[in-house]
Structures are given as structure tokens and as C-alpha cells.
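Q: Hey, I've just opened this one and don't know my way around yet. Can you walk me through it?

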Amino acid sequence: MKIPILDLKPAYEELRTELDAAYHRVMESGWVLLGRELEAFETEYASSIGVVHCVGVANGLEAMQMILMARGIGPGDEVIVPSHGYIATWLAVTHAGARPVPCEPDPQTCNLDPARLTALLTPRTKAILPINLYGQPADYEAIHAIAARQGLFVLEDAAQSHGARAHGRAAGALGHAAGVSFYPSKNLGALADAGAVTTNDAELADKIRHLRNYGSKVRYQHESLGLNSRLSELQAAFLRAKLPHLAAWNARRAALAARYLEQLNGVGDLVLPWVAPWAEPAWHLFVVRTARRDALQAHLTAQGIGAQIHYPVPPHLSPAYRSAGWQRGDFPLAESYAGEVLSLPIGPHHTADQIDTVCAAVRDFFARA
């Protein structure tokens, strides 16, 4: 049985009628940018997560970058980011001109650890940028408590958490603003790069609308150094077709995650995902940790089971940040996780039989040890 980590075709097969209709609607309209499909999706997505404003942009990285730009955060400023996570979060800070300051993760959730924040604050700190890693929201109540005392902006990286909730609130509505990715592999994925900014701040949303369009309110009049970062009509239409199915697809993910948690409990040295009592994860990924990660991945691969590493190189050790001067050993938790994490297949179109097969293969690996 071949079990891929990701297969986009079943989503099309399930929603063929809706997706084909979305394509034809856009092509027949003759309008491909900043039109009715985008406006409708922005309204529908904002409503779905309980915020006032959604501004469609080209991708999640630029969503976060433009939020920082709109807030005037740039050269000379510092933004606290997770030491463990995808480099795009750091790049958003760097491209805005500010300096990323890494914060080690909470050992239970792998998310940014609020208990470590205070020690990282300096007069240059302007924002905290947690990631809802693997689909589980960070502890925003604790983060906001610290941010409020210091007058800091909280920017939520909600790229992996469509449909997740924390303390009863939806991901994308947990910070002062959120950067969202609709990359095809996400729980709510377009069919190309796509993203959005979500917020209740009308002034911020207005600035993002101009920044995404070359810094222009009126054509050929440019009030700021903006970007070309627009969510296309076609991708907006595809996202509109998928959005009504997100809750059901996430419920399928949750059922598969429960199956993993039951069958892999106590197996070898596996560290399974831990869910905070106030959190409802989106289960974007199902990530385990083991000191024998590479051997386990090879074992699964040999049996046709897709298992991927998210993420093998901590950002501080990436060549992209070599000039920052960080060394191996500076962030030991992030470095340890990079050598231990392994993502097992989980998606709305994986079956219970497939997850049972993965679990059997994992148990077989550790039984042979």
C-alpha cells in the first residue's frame, strides 16, 4: 500500500464540480485581479474566523512582512520568533528590515514558550511573532499578557492552523493581526501560492490593501514603498469552493490523529503530540519525535509510506542567516527537535486503514530494535 504524505488529487475528485465551476466563473468574467471573487472570499473568510477584515495577498510570508511594514517595524527593531519552525517566519522579519530574536519552544507543544519571553525583551523589541506550529495554536493568553505590559504587537503566524481554536477563539483571530498561507498543502489550500492578512484593525487592513498593490490607493499614485502581492481571482474562487468543507475535513484529520495517539501510545521512545486543554488543533501535521528518526523514516519509506521532516535545519543554522553569527549550541531545543521530528501522513483524504498500516509499520520498527 502506497501512502503518500500529501496527495492533492483526491480533494479535486471530491470537489470537482465546485472547483470546475469556480474556474469557469473566473474565466467567463474576464477579470483576474482585485475583483469580485477576491472581495467575496475576503468577506467569507473573515466571517468564518470571527474578524472584521481579511486582505488577500500573494503568500503567507509577504502577509507577515507587510503587517510589520504597516506597523512601522523595521531597521533597528527586534521581533521575537520561535527558534523551531519554518524559516518563512524569520524571513518576513528580515525582509521588513527588523532583526529576528529566537525564542526556544515549550517542550510539550513545540510552540514558542511564553515563559522564556521576558528574558529576551530589550528596548528594541517591537513585536512577538508566534507560529501555530503543526496546526496547534500557541499560548496567546500568556503571550498577550506579556505583550500588554510592554506595549508590544502580537503577530500570529496562522499558516498551519486553518480551523484551529484556542480558548474558544479561531486561529487567525488570536493576535493583533495574523499572516495566513493558503499554500496547496495547507488545511485550506489554494492551487498555487496564496495568502491573507486577518485583523480587527481597520487602519492596518487599509494599509495592507495599499501595500499589496505597489503602495497605491489611486492608479499610478504611490504613497508608500509597496509590493506586488495580490491574491488572484482564480485562487480566491478555488478557496471559496473549499472553505465550506474545511470543518468537515478538519474533523477527518482529528479522527485520524486520535487513531495515531491510541495506537502509538507507549511505542519505543516516540514522543507523541501533546494538546493543551484549551486548544483545538487543526492537525495540519502529525509530528512525532524519536532519537531514531532517520532510521524510522528509512523503514517507512521502504514500505511506501511517506514520512517527511518538518524541519531538518533550524533557521539560526541556515546559510541564509550565517551573517547573524549564531552557532550550533545556541538554541539546543530547536537543534534537538530538528534531529528528532518526523511527520506521519495525515490528511482529510487518508483513510483509517492507511493510518492503521502506518501504525503497524512504526510498531514493527521498534519491535525489531
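A: Sure, let's begin with a term: a salt bridge here is a side-chain nitrogen of Lys or Arg within 4 Å of a carboxyl oxygen of Asp or Glu. Keep in mind that this is a predicted model.

Q: Okay, how many salt bridges does the structure hold?
A: There are 15 of them. One of them joins R240 to E37, with the closest N and O atoms 3.0 Å apart.

Q: Where do R240 and E37 sit in the chain?
A: In distant parts: R240 is in helix α8 (residues 233–242) and E37 is in helix α3 (residues 36–49), 203 residues apart.

Q: And is E37 buried or exposed?
A: E37 counts as buried, at 9% relative accessibility. R240 is partly exposed, with a relative accessible area of 25%.

Q: Which residues are in a network of salt bridges with those two?
A: R25 and E44 are linked with E37 and R240 in that network.

Q: Got another one for me?
A: Try D356 and R259, where the closest N and O atoms are 2.6 Å apart. D356 lies in helix α12 (residues 352–367) and R259 in helix α9, so this salt bridge ties together parts that are 97 residues apart in sequence. D356 is partly exposed at 22% relative accessibility, and R259 is partly exposed too, at 31%.

Q: Switching topic: how many aromatic pairs are there?
A: The count comes to 11 aromatic pairs. Take Y260 and F286: their ring centres are 4.5 Å apart and their planes are at 25°, which is under the 30 degrees cut-off, so the pair is stacked.

Q: Which elements do Y260 and F286 belong to?
A: Y260 is in helix α9 (residues 246–263) and F286 is in strand β13 (residues 286–289), so to speak a link between distant parts of the chain, 26 residues apart. Y260 is buried, with a relative accessible area of 0%, and F286 is buried with 0% as well.

Q: What about F365 and F366, stacked or edge-to-face?
A: Edge-to-face: F365 and F366 are 5.0 Å apart centre to centre, with 85° between the planes. F365 and F366 are both buried.

Q: Which residues do ring pairs link into a cluster?
A: That would be W90, Y321, W326 and F331.

Q: Last thing, in what order do the three strands of the open sheet come?
A: The order is β7-β6-β12, with antiparallel pairing. β7 (169–170) and β12 (279–280) are the edge strands, each pairing on one side only.

Q: How many bridges join β6 to β12?
A: Two bridges join them, and A166 has A279 in β12 as its bridge partner.

Notes
Residues numbered from 1 in each chain as written. Predicted model: local features only at pLDDT ≥ 70, side-chain atom pairs only at ≥ 80, totals over all residues. Heavy atoms only, no water. Phe/Tyr/Trp six-rings, centres within 6.5 Å; stacked < 30°, edge-to-face > 60°. Helix = DSSP H or I, 4+ residues; strand = E, 2+ residues; numbered from the N terminus. Buried < 20%, exposed > 50% of the residue type's maximum accessible area, 1.4 Å probe, protein only. Pairing = 2+ DSSP bridges.
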